[in-house]
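Here is a short set of exercises to work through with the model open beside you. Try each task first, then compare your steps with the solution.

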Amino acid sequence: MKHLRSLREFIQELEIIGDVQHIDAEVDWNLEIGAVIRHSYDLRSPAPLFTNITGYQGTGFRVLGAPGSLSGPAQPLARIALALGLPADATGQEIMETVVAARAAPGVPPVAVDRATAPCKENILLGDDIDLYRFPTPLIHGNDGGRYIQTYGMNIARTPDGSWTNWSINRMMIAGKDTLACLIPDPQHLGIIRAQWAERGEPMPVALALGVEPGLPFVGALPLPEGADESHFLGALFGEGIEVVPAETVDLLVPATAEIVVEGHIAFDETVLEGPMNEYPGYNAFESSLKPVFHVSAITYRDGAILPVVAAGPPVEEDHTLTGTMHAAEILYQLRKADLPVASTWFSFESAMHWLIVAVRADWHDTLPIPSSELAQRIGEVVFNGKAGFGVPKVLLVEDDVDITDVDDVVWAFATRAHPEHGEVHFPAEPHVQLSVYLSEAEAHSYRAGKVLYNCLLADLFEHKDRPVKGSFEHGWPIEIQKRVLSRWEEYGYR
């Protein structure tokens with residue numbers, strides 16, 4: 001495991017594999033940056049690093065777009081893998097197993113370091129010097145309600161009794177030079193902690209850390225149980241605690257290498273208009289609403305600070321890669337805890353988090369002689385009853401002869417193996433997020449909707465000798481012919 005301890009170390013690793021595009025031409029923060037990021041997703045281009053931003057020349061400030069999205073075809077999961085300490089060419093299954101192993105390990109708490117050496121303390125703004133517009137926060141989408149400074153940072157908050165610190169990602173829009181509008185859904189952990197402060201009639205102390213070490217946004221997307229500290233999980237992943245330093249004006253520890261840290265309190269009795277802002281299903285948003293106000297009491301930042309930015313929308317972007325990767329890993333952990341014969345799990349990023357793929361071992365029917373419909377029911381109950389399954393509307397259940405990280409393989413298996421009449425297992429009125437566009441108004445408001453598992457299993461339908469085998473390159477030709485073709489590929493004239 002290679003622990004990249006800062007965003008800058010992460011960028012250096014991306015540069016080694018050619019996965020950063022330095023953009024020295026002038027680019028406008030007003031929509032142009034967002035459009036470049038969006039188009040880079042569509043092309044799976046290197047992550048754009050903007051160095052010459054309209055109105056911010058001479059400040060040294062930069063913007064990194066698409067920090068956790070997919071890379072080119074040679075190493076499509078490179079940004080995910082590097083962030084989690086793996087080689088750039090790690091497979092999806094290797095990523096899953098790495099996260100699940102850390103999930104089962106004891107947590108490792110952060111390590112406090114001297115503030116005098118902490119890069120995030122190189123510049124400190126207090127009082128009248130506080131100005132959020134000092135940074136080149138882009139207006140990302142044409143329909144956005146404002147400039148969103150928080151699309152890929154960590155919101156750090158602690159319960160009033162000090163027993164639980166939560167690290168999460170929730171969007172925040174600049175409302176004024178020293179205020180932010182915050183999306184904090186009540187059921188989420190940040191909302192639960194805020195409610196505890198509100199019960200006391202007090203604003204919630206909070207620190208917003210932007211441009212953090214690359215593993216932190218991923219653990220911020222991991223649906224750990226209530227009371228668990230995400231920073232401890234990252235310590236378990238790397239076998240060492242992350243480095244933290246006390247904030248200036250709130251009693252919280254913040255990442256020492258963060259590019260920007262915004263400190264303050266989120267009001268319990270004051271709101272401001274927030275939104276619209278596009279979300280992970282991939283459609284333009286047009287509604288705004290009143291949200292809690294974040295009053296800023298301090299800003300600290302590194303020289304030449306780098307602001308990471310996500311342009312949420314259709315797949316594939318960070319809403320899909322972060323949440324998809326970490327929620328799939330948590331579901332895999334829970335399915336194995338339930339002693340189910342599950343080989344792996346994966347969210348189809350291309351489905352905008354609407355397809356969870358679960359692969360069971362090919363020998364599942366030998367070790368668990370029950371009908372596939374019963375196994376499907378058991379798996380669906382674990383998935384849909386857990387926190388990680390809250391946003392999962394559809395599960396595709398396959399055997400592990402299918403590469404569940406390959407959307408082409410998944411579509412092929414789904415289309416050819418799920419019976420159109422009795423291949424579905426329905427789960428009515430399950431807890432569900434509000435954001436799926438097909439929901440009725442009643443379903444959206446109640447946070448409940450029907451879910452489905454598509455049974456694509458074959459093992460209980462055929463004797464061993466009769467089971468269908470994929471007629472692929474690997475399964476349709478002798479090994480010696482495969483090796484000959486691969487060794488002569490360029491000789492045939494292919495590049």
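**Exercise 1: Cis peptide bonds**

In which loop is P276 found?

Solution. A word on the ground rules comes first. This is a predicted model, in which local features need pLDDT of at least 70 and side-chain atom pairs count only at pLDDT 80 or more, while totals for chains, interfaces and linings use all residues. Residues are numbered from 1 along each chain as its sequence is written, and side-chain values use heavy atoms, with hydrogens and water left out.

Step 1. Helices (H or I, at least four residues) and strands (E, at least two) are DSSP runs, numbered from the N terminus. On that numbering, P276 sits in the loop between β14 and β15.

Step 2. Check omega: the bond joining G275 and P276 is a cis peptide bond, with omega of about 0°.

Step 3. Now look at P315 and V316, where the peptide bond is also cis, with omega near 10°. V316 belongs to the loop between β16 and α8 (318-337).

**Exercise 2: One face of a helix**

Find the buried residues of helix α1 and work out what they pack against.

Solution. Step 1. Apply the accessibility classes: buried is under 20% relative accessible area, exposed is over 50%, and partly exposed is in between (1.4 Å probe, protein chains only). In helix α1 (residues 7-16), the buried residues are L7, F10, I11, E13 and L14.

Step 2. Look down the axis of α1: these buried residues fall within an arc of 160°, so they line one face of the helix. The arc is taken over the directions from the helix axis to the C-beta atoms. As background, an α-helix has 3.6 residues a turn, so residues three or four places apart point the same way.

Step 3. List the contacts (heavy atoms within 4.5 Å). The partners of the buried α1 residues are β1 (20-23), β3 (62-65), α3 (78-83) and β16 (306-309).

Step 4. Follow the chain just past α1, where G18 has a positive phi of about 75°.

**Exercise 3: Positive phi outside glycine**

Where do L31 and A66 lie, and is each buried or partly exposed?

Solution. Step 1. L31 is not a glycine, yet its phi is positive, at about 80°. L31 lies in the loop between β1 and α2 (32-43), and its relative accessible area of 33% makes it partly exposed.

Step 2. A66 is also a residue other than glycine, with a positive phi near 50°. A66 is in the loop between β3 and α3, and at 1% relative accessibility A66 is buried.

**Exercise 4: Salt bridges**

How many salt bridges does a search of the whole structure find? Examine some of them.

Solution. Step 1. Use the criterion of a side-chain nitrogen of Lys or Arg within 4 Å of a carboxyl oxygen of Asp or Glu. The search returns 23 salt bridges.

Step 2. Take R200 and E202, whose side chains meet at 3.3 Å, N to O. R200 is partly exposed at 48% relative accessibility, and E202 is partly exposed at 29%.

Step 3. Turn to E259 and R302, with their closest N and O atoms 3.9 Å apart. E259 is in the loop between β13 (253-255) and β14 (260-274) and R302 in the loop between β15 (289-301) and β16, so the pair ties together parts that are 43 residues apart in sequence. Both residues are buried.

Step 4. In the K470 and D409 pair, the closest N and O atoms are 2.2 Å apart. K470 is in the loop between β21 (448-455) and α13 (473-476) and D409 in helix α11 (residues 407-417), so this bridge ties together parts that are 61 residues apart in sequence. K470 is partly exposed at 26%, whereas D409 is buried at 6%.

Step 5. Finish with the network of salt bridges that links R171, E274, E279 and K291.
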